[in-house]
Amino acid sequence: MANKKAKEALTKIKNEAAQTVGVTLKQGYNGDLTSRQAGSIGGEMVKKMVESYENSNSSMQ
């Protein structure tokens, strides 16, 4: 159950990141992306996850 929620959350972050950098993702396999596109999506995902962590940590203090 938790694994499914985690996978859904990562998919949501990935889709938001792709939209932010202007890359259209298909449902399922996206092997036709360039390395630059995939790297841009990954970098944006990391930024969003760090932001989320920092926001949740600052609200706990």
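A nonpolar core is a set of buried Ala, Val, Leu, Ile, Met, Phe, Trp, Tyr and Cys residues joined through side-chain atoms within 4.5 Å. I am working from a predicted model.

**Entry: the core**

I looked up the largest nonpolar core and found 5 residues in it: Ala17, Ala18, Val23, Ile41 and Met45. I then asked which helices supply at least two residues of this core each. They are α1, spanning 2-21, and α2, spanning 35-60.

I took Ala18 next and listed its contacts, leaving out residues up to four places away in sequence. Ala18 touches Val23, Leu25 and Ile41. Of these, Val23 and Ile41 are listed in the core with Ala18.

**Entry: salt bridges**

How many salt bridges does a search of the whole structure find? I got 3. I went through them by residue pair.

I noted Glu16 with Lys12, where the closest N and O atoms are 3.9 Å apart. The cut-off for a salt bridge is 4 Å, so this pair counts. Both residues sit in helix α1, and because they are 4 residues apart there, about one helical turn separates them. I looked up exposure for each: Glu16 is partly exposed at 32% relative accessibility, and Lys12 is exposed at 54%.

I noted Asp32 with Lys26, with 3.2 Å between the closest N and O atoms. Asp32 has 55% relative accessibility and counts as exposed. Lys26, at 44%, counts as partly exposed.

I noted Glu44 with Lys47, with 3.5 Å between the closest N and O atoms. The two lie 3 residues apart in helix α2, about one turn of the helix. Lys47 is exposed, with a relative accessible area of 51%.

**Entry: Glu44**

I went back to Glu44 on its own. Is Glu44 buried or exposed? Its relative accessible area is 13%, and the limit for buried is under 20%, so Glu44 counts as buried. Its salt-bridge partner Lys47 is on the other side of the scale, since 51% is over the 50% limit for exposed.

Which residues does Glu44 touch, once those up to four places away in sequence are left out? I found Ala17, Thr20 and Val21. Glu44 itself is in helix α2, while Ala17 is one of the core residues. I therefore have Glu44 down as a buried residue that touches a core residue, Ala17, and forms a salt bridge with Lys47.

Technical notes. Residues numbered from 1 in each chain as written. Predicted model: local features only at pLDDT ≥ 70, side-chain atom pairs only at ≥ 80, totals over all residues. Heavy atoms only, no water. Buried < 20%, exposed > 50% of the residue type's maximum accessible area, 1.4 Å probe, protein only. Contact = heavy atoms within 4.5 Å. Salt bridge = Lys/Arg side-chain N within 4 Å of Asp/Glu carboxyl O.
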